[in-house]
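Work through the following exercises with the sequence and the model side by side. Each task is followed by a solution that proceeds step by step.

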Amino acid sequence: MYLKQAKTISLIIALLSLLQALLAIIGFVSVLLTLSAVKVSQTIIREALINTSINIICFLLFAVLFFVVYRRLRKGVTTSIIVQFLYIAYMIFSVILGIVNGGFSLQGVLVPLMLIILGIASAYSIKKVERH
């Protein structure tokens, strides 16, 4: 039971990370396309491009890592929960930065909190698989 749950949650997180990476790529392209149309300082544009680039890299990395975890779990091999802890830490860090930079927004906190809960559930399921 815990193995099936761990596989399912790992696959869900991998697909969500892939979706977040795709959305970050769309955001990156839209910032590049609006460079000439919007009169915004170069530092704001540079910061937006750097933040979006970091998000793209991190979400693609997490997608690959969670697909690897899923593949290993599908073969019946237990994995370490370090990937889940890194994912949880990144999501907490992203929530804190979002609150600091943009102010508190329920919408900006609710989705990452759900992803944190998924990460915790994944780590818990993998830990239970290791014990049995």
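**Exercise 1. Determine what share of the residues is buried, and describe the overall architecture.**

Solution. In this predicted model, buried residues account for 31% of the 132 residues in the protein, where buried stands for a relative accessible area under 20%. Turning next to secondary structure, one finds four helices and zero strands, and the pattern read along the sequence is α-α-α-α. As a last step, the extent of the C-alpha trace along its principal axes comes to about 60 × 25 × 20 Å.

**Exercise 2. Identify which residues of the largest nonpolar core touch the most other members, and establish which helices supply this core.**

Solution. The largest nonpolar core has 21 residues, and those that touch the most other members are Phe66, Tyr87, Tyr90, Met91 and Ile126. Tracing the core back to the secondary structure, one sees that helix 1, helix 2, helix 3 and helix 4 (106–131) each contribute at least two residues. Helix 2 provides the largest share of this core, namely six residues.

**Exercise 3. Classify valine 109 as buried or exposed, and state how far its C-alpha atom is from that of alanine 6.**

Solution. Begin with the location of valine 109, which is in helix 4. Its relative accessibility is 10%, and because the limit for a buried residue is under 20%, valine 109 counts as buried. For the second part, valine 109 and alanine 6 are 103 residues apart along the chain, and their C-alpha atoms are separated by 24 Å.

**Exercise 4. Find the residues of the positive surface patch, and classify arginine 74 and lysine 75 by accessibility.**

Solution. The positive surface patch consists of Arg71, Arg72, Arg74 and Lys75. Arginine 74 belongs to helix 2, whereas lysine 75 is placed in the loop between helix 2 (42–74) and helix 3 (82–102). The relative accessible area of arginine 74 is 54%, and since exposed means over 50%, arginine 74 is exposed. By the same reasoning lysine 75, at 63% relative accessibility, also counts as exposed. One further distance concerns this patch member: the C-alpha atom of arginine 74 is separated by 9.5 Å from that of alanine 6, although the two residues are 68 residues apart along the chain.

**Exercise 5. Which residues make the nonpolar surface patch, and in which helix does leucine 22 lie?**

Solution. The nonpolar patch covers about 380 Å² of surface and is made by Leu19, Leu22, Leu23 and Ile26. Leucine 22 is part of helix 1, which comprises residues 2–33. With a relative accessible area of 45%, leucine 22 is partly exposed, because this value lies between the limits of 20% and 50%.

**Exercise 6. Locate the salt bridge, and explain how its two residues are placed in the helix.**

Solution. Side chains of opposite charge can pair when their charged atoms come close. Applying a cut-off of within 4 Å between nitrogen and carboxyl oxygen, the count is one salt bridge. The side chains that meet in it are those of glutamate 130 and lysine 127, with an N to O distance of 3.6 Å. Both residues lie in helix 4, three residues apart, which corresponds to about one turn of the helix. As for accessibility, glutamate 130 is partly exposed at 36%, and lysine 127 is partly exposed with a relative accessible area of 35%.

Key: Residues numbered from 1 in each chain as written. Predicted model: local features only at pLDDT ≥ 70, side-chain atom pairs only at ≥ 80, totals over all residues. Heavy atoms only, no water. Patch = residues over 30% accessible without salt bridge, like charges linked within 9 Å, V, L, I, M, F, W, Y side chains within 5 Å. Areas by Shrake-Rupley, 256 points an atom, 1.4 Å probe, with all protein chains shown as cover. Buried < 20%, exposed > 50% of the residue type's maximum accessible area, 1.4 Å probe, protein only. Lys, Arg positive; Asp, Glu negative; His and termini not counted. Charge placed at Lys NZ, Arg CZ, Asp CG, Glu CD. Core = buried A, V, L, I, M, F, W, Y, C linked by side-chain atoms within 4.5 Å.
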